[in-house]
Amino acid sequence: MKKQKRHMCILLPNKQHLDCTVTVTSRGHEVLANVLKQLGISELQVFGLAALRDNEYLFLDLDQKLSKYFGKRWSKGTITVPFIVFLRIRYYVESGQLIFSKVQQLYYTELRQKLLHSQSRHQEALFFQVAACALQAEVGDLHPERQDSKHRHYFLPEDYFPSWLIRRRGRDYLLQHCPVLHSELRGVSRDQAILQFIKEANSVQDGPVTFYRMRQERKMLRSSILLGVALKGVHIYQEVEGKLCLLYDFSWTDIDRFTFQGSRFEIAAVGSLCLHKLVYHTHSAFHSKHILKHLSDSHKLHINTRDAVDYIQQLEDMQARQFYKEAYICDTARLRQTLQSRSLPSSMSDYSIEVDSLVQAVPAWAEEEEEEEKDEVSVTEFKLCVDESEEVFVDNPDEVSWLAELLHGVSVDGPLVFPSSYWTAVTMEMKEVLRNRTDDGVSVD
């Protein structure tokens, strides 16, 4: 019986790990159940369990046996080293409010670490903004005494900026200017700072993206093509002398279908783009199948959440308009008082950061060894239907209650259902809230 047991180690984004024991015939669902129990949550939401195969992360199909991901090592009963599985972001979201607090913290942690390895050198100013949000979330309000030259070393630039930016500007420059942006966030709560970080990080070109390596030709030894599953579509890059060059930036509406046959992976754009079919080669049919499933599921999530995202944005815009209205009234009164008491004009100074010219680069990935596998005869195709019909609204109190708690700023830990009926319910409830608040002339607090 001991030979039938397998020890698993699940690595979390926060550098902690979970341990569990399964049987040799176990499937991914059993590991998932164990992870949920240990984390004290009921749903992973945007996260997935991934295994490292051919130096690439592949998200587990929870219905498949674990033996498919660990090969011959799994069947040997003498191995004492635990099998490694990674808890990683599978779906990136446009708003952090779509995920609950415990999962949101893991999401923030992984995304923050990912940005430290970003090579979007043309977006230098954006890295100062996300660093300021991270400092506000982790350090809190910046005390005035820390802004002078003697007390600016309250953070390490290596923990908040990519290495290329530190080399370009120098540590002293970052220690001097980043506190200025940090101080502007005084009074922002930790939760709001995390939400702002997620929102700003979504603008980093290679930030919220999951990359898969592909070859231009089947017999090529090096995988120079990177397919990125992004928030709103797919990016295609080519690595040239260690630098990443963007070839195509497809939104979901630009893509007609994905098809794979064995290791052959095809991307067909819509006819209006007048592009030839793009053909690349993955490591194997096994990789192609998992990449296709990730693309399919990401597209479905985009469809199911887009209305909810739109109305969350409307709520944020209403809050912003109310804030600026109050700020305008307050500043006007203060300005009038100042002009009456002093004969000095008011002035404002804008803080800006110089942005260098576009340089696209990416750290050199470890070169994978080519593995010969036979192509499957069957062809699998996934056709994108962007304007899918909405499902009938089901007035489920358990689902709609999430919106009420969200609008009142309550942190909730519970299941998030991704089917479109759920997001239809959320969207309709948001519409009703917006309609009532507009008709009654009530502003969003």
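The side chains of serine 120 and aspartate 206 are joined by a polar contact of 2.7 Å (a pair of N or O atoms within 3.5 Å, one able to donate a hydrogen and the other to accept it, with residues adjacent in sequence counting only if both atoms are side-chain atoms). The model is predicted, so to speak of local features takes pLDDT of at least 70 and side-chain atom pairs need pLDDT 80 or more, while totals for chains, interfaces and linings use all residues. Residues are numbered from 1 along each chain, and side-chain values use heavy atoms, without hydrogens and water.

Serine 120 sits in the loop between helix 3 and helix 4 (helices are DSSP runs of H or I, at least four residues; strands are E, at least two; both are numbered from the N terminus). Serine 120 is buried, at 4% relative accessible area (buried is under 20%, with a 1.4 Å probe and protein chains only). Beyond four places in sequence, serine 120 touches Phe127, Trp164, Val204, Gln205 and Asp206 (contact: heavy atoms within 4.5 Å).

Just before that loop, helix 3 covers residues 101-115, and its end C-alpha atoms are 21 Å apart, in agreement with the 21 Å expected (1.5 Å times one less than the number of residues). Its buried residues, including Tyr107 and Leu111, pack against helix 1, strand 3, strand 5, helix 4 and helix 7.

Tyr107 is also among the residues with the most contacts inside the largest nonpolar core, which has 95 residues (buried Ala, Val, Leu, Ile, Met, Phe, Trp, Tyr and Cys joined through side-chain atoms within 4.5 Å). Helix 4 supplies the largest share of this core, 10 residues.

Key
Buried means under 20% relative accessible area, exposed over 50%, partly exposed in between (1.4 Å probe, protein chains only).
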